[in-house]
Amino acid sequence: MTLPDTLPGTAAADSRPGSQWWRTAVIYQIYPRSFADASGDGVGDLPGVTSHIDDLKTLGVDAIWLSPFQRSPQKDAGYDVSDYCDVDPLFGTLADFDDLIEAAHSRGIRIIADLVPNHSSDQHVWFQQALAAAPGSPERARYIFRDGKGENGELPPNNWESVFGGPAWTRVTEPDGTPGQWYLHLFDSSQPDFDWSNPVVHEEFRRILRFWLDRGVDGFRVDVAHGLVKAPGLPDYTPDPHAGSMGGEEADVPYWGQEGVHDIYRDWNRVLAEYDGDRALCAEAWLPTVDMTAKWVRPDEMHQAFNFAYLETPWNAAELRAVIDESLRAYPAVGAPSTWVLSNHDVVRHASRLALTAENPQGHGIGPDSPGKPEPVLGLRRARAASAVMLALPGSAYIYQGEELGLPEVIDLPGDARQDPTWFRTEGERYGRDGCRVPIPWDADAPAYGFSPTGQSWLPQPAEWATLARDRQVGDADSTLSLYRSLLAERRAHALGAGTLRWIDGFGDDVLAFTNGDVTVVSNIGSEPVALPAGDLLVASEPVTDGMLPADVTVWLRTA
Ligand code: NOJ
C-alpha cells in the first residue's frame, strides 16, 4: 500500500468528551532528550518536538507521551525531578510546553505527561529542607528517613537493594557534622523515595496533577506506579538475581504492589474527573502477572497499565497466544482495555530483543561483552512482524520513538559515553539502558543525521544509522516507516482497537492467526513457510509472493 504524505482524518482519535479515546489509541512515546534538538546543544528539547509534530500526524498516532521534561539535575535522564511544575531549561520553557500542547491539540493529537511520584531529586527543595532539619522533623517525614542498625547506626536499616544496583539506603551527615540517619532510594541515591503515608505528600501531588491538567495535558504516565507504598516495618527482602530490575518477577515484594497504593490512584481518578473531557492515567507497574496488573485499571483507578507481560513474551506462538488470551480476559474483566507495548526507554529495543540468544534481564542492557548478541537482520524482520501483530490487537498500543524506523539497540557505545546510573552503580557489570536511548536519525546526510543543527548528540549515533534515517524511509514503500504508516492507517480504517479477537486454528503450532472484525491476521513465528488463506492483502510486514507466508512475517488480509 502506498500512502500519500498527509493523511487527512487519520491522525485524530475521537476527541469528543466521553469518547474514552485512551481505550483504542496509539500513543507515541517521546524521550525528549533523544527526539529532536532545536537549540543545538546535543540534547533534544520541546521546540524540537513541536517542529516534528506534522511527522507524527502523518505517521497517524493519536497521542504523545512525553518522558520527563520537568526541572531536573538529569541524574536519571529527568526521572529525578527537582521542580514538578516547571520545564527544565535543557528542554525549554513553560511557554515552549504551551506551544507544543497547542500544536498537538490543533492537529487532534493528545499529550500525556510523565509524572514521577515515587521519588524526587535530592535537589528538590523538600529534600534539601529534610537534610537541614533534625531527625523526627516534619521536613524529614516527607521522605523515608530511618536510624541505621548496629551500635552506632552504621548499618543500613534493612537489606534492600537499589533497582540500579548497590544498596537502597544512603547515610546522611547531620547538620552538626555527625554521621546521621539513612534515607531510602529504590533507584539512585539522587532519587530519595517519598513517604506516601504522609498526607502532605498526597496534597502536593494533587496540586501537581492540577497544575498540568490546567495547562491542558490529556493524562499522565505514572512512573513506578507499583512502588509508592512500602510494607509496614520495611522488612528485609532479597530479590531473585534473575529478576528484571524493575520488579515483575515475584509477588510479595515489600516495595512493589502493596495494596495501599490503590487508594492513591482512586484519589487521582477523582482529581482527573474534575476536568472536562477524558483525561487518562497510565500505570508503569512491573508486576508478575496480568491479573495483578489489571488491579491498577479497576474502574475507579487508572485507565491504562502497560502490558509488560506481553512485552516480555519471547517470539513464540504458543506463549504469545497465551499472554494475549490472558490479557483479553483479565483487563476486560475489570472494564479496561489492554495496553500493548513492545519497546520503551527501559528495555532493549525489540528489533534486537526478539533475536537475542542469551538471557538478558530487563534493565541490564547489551554491550560489547554481552553474551548472545542479536542478529540484526533477523531482529528487524521479527520486530516488523511483531509490531504488525501488536497493532492488530484490540485495545490501546504504545510505540517508542524510533521503532517506526526499525532502530536496533546500540551495543557498541563506549563506556565513557554511557550515562545510565545502572552502568555506574554496578561498575559496568550491567550496561544499562543507554543503547535504546540514542538520538533519532532524521536526515541521512545532515550532521547528527538531522537530530541537531550543530551535529552534536548526547550519545553517539552509529554510522550505519544513515540508512535508517527517516528521510531515506519516507519514499520507500518497503521501509519500516511505510509499514508503520500502513498499519496505523488500516488499524484506524478497520477500527481494530475497538474490535474483538477470534483465533483461527489449523495453521500449526508456530502460527498465530486471528480475525479482528473484517481483518484476518496471520503471523508465521516458525521457520517454515505456510500457505496463506484467501483474502485481499492489506499489509505485509515483508513482501509475500506465491500465496506463501515466509517465516517471521505477519500479514493482514481483508476477508468478507
Ligand atoms: C521507570 C522509568 O521508566 C525509568 O527510566 C526510571 O529510571 C525509573 N522508573 C526511576 O524513575
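**Figure 1. A77 sits in a loop between two strands.** Welcome to this predicted model, where our tour starts at A77, a buried residue with a relative accessible area of 14%. That value puts A77 in the buried class, because buried means under 20% relative accessible area. To find A77, look in the loop that runs between β3 (70-71) and β4 (83-87). The backbone is worth a look here too: phi of A77 is near 50°, a positive value in a residue other than glycine.

**Figure 2. Y449 is a loop residue with a positive phi.** Where does Y449 lie? Y449 is placed in the loop between α12 (421-425) and α13 (470-474). The phi angle of Y449 is near 50°, and the residue is not a glycine. Is Y449 buried or exposed? With a relative accessible area of 12%, Y449 is buried.

**Figure 3. W458 and the residues around it.** W458 belongs to the loop between α12 and α13. The relative accessible area of W458 is 12%, so this tryptophan is buried. Which residues does W458 touch, once those up to four places away in sequence are set aside? Early in the numbering, W458 touches Y31, R33, S34, G42 and V43, and the list also includes Q419, D434, R437 and P439. For a sense of distance, pick out A495 as well: W458 and A495 are 37 residues apart in sequence, and their C-alpha atoms are 40 Å apart in space.

**Figure 4. F424 is an exposed residue of helix α12.** Next comes a phenylalanine, F424, found in helix α12. Is F424 buried or exposed? F424 has a relative accessible area of 52% and is exposed; the reasoning is that exposed means over 50%. Not counting residues up to four places away in sequence, F424 touches R418 and Q419. Now look for G165: F424 and G165 are 259 residues apart in sequence, yet 8.9 Å separates them in space, C-alpha to C-alpha.

**Figure 5. D291 is a partly exposed residue of helix α7.** Helix α7 covers residues 290-294, and D291 is part of that helix. At 40% relative accessibility, D291 is classed as partly exposed. Beyond residues up to four places away in sequence, D291 touches R329 and A330. A318 gives another distance to trace: from D291 to A318 there are 27 residues in sequence and 19 Å in space, C-alpha to C-alpha.

**Figure 6. N307 is a buried loop residue.** N307 has its place in the loop between β11 (304-305) and α8 (308-311). With 0% relative accessibility, N307 counts as buried. What is N307 in contact with, apart from its neighbours within four places in sequence? The contacts of N307 are V290, S327, Y331, S338, T339, W340 and V341.

**Figure 7. The largest nonpolar core has 161 residues.** Which residues have the most contacts inside the largest nonpolar core? They are F220, Y265, W268, W296, Y310 and W556, so these six names are good ones to look up when you explore this core of 161 residues. Another core, of 9 residues, lies apart from it, and V522, V530, L549 and L557 are among its members. In soluble globular proteins, nonpolar side chains tend to be buried together.

**Figure 8. The whole protein, as a setting for the close-ups.** Stepping back, you can find 14 helices and 20 strands in the protein. The radius of gyration is 23 Å, close to the 24 Å that the globule rule gives for 560 residues, so the protein is as compact as a globular protein of that length. Along the principal axes, the C-alpha atoms fill a box of roughly 80 × 50 × 50 Å. Of the 560 residues, 61% are buried. Among the contacts with a separation of 6 or more, 69% are made by residues 24 or more positions apart. The accessible surface comes to about 20,200 Å², and carbon and sulfur atoms account for 51% of that surface. As for charge, the protein has 44 positive and 82 negative charges, and their mean positions are 4 Å apart.

Key. Residues are numbered from 1 along each chain as its sequence is written. This is a predicted model: local features need pLDDT of at least 70, side-chain atom pairs count only at pLDDT 80 or more; totals for chains, interfaces and linings use all residues. Side-chain values use heavy atoms; hydrogens and water are left out. Helices (H or I, at least four residues) and strands (E, at least two) are DSSP runs, numbered from the N terminus. The radius of gyration is taken over C-alpha atoms; the globule rule is 2.2 Å times the number of residues to the power 0.38. Buried means under 20% relative accessible area, exposed over 50%, partly exposed in between (1.4 Å probe, protein chains only). Contact means heavy atoms within 4.5 Å. Accessible areas come from the Shrake-Rupley method with a 1.4 Å probe; for residues, only the protein chains shown count as cover. Lys and Arg count as positive and Asp and Glu as negative; His and the chain ends are not counted. The place of a charge is taken as NZ of Lys, CZ of Arg, CG of Asp or CD of Glu. A nonpolar core is a set of buried Ala, Val, Leu, Ile, Met, Phe, Trp, Tyr and Cys residues joined through side-chain atoms within 4.5 Å.
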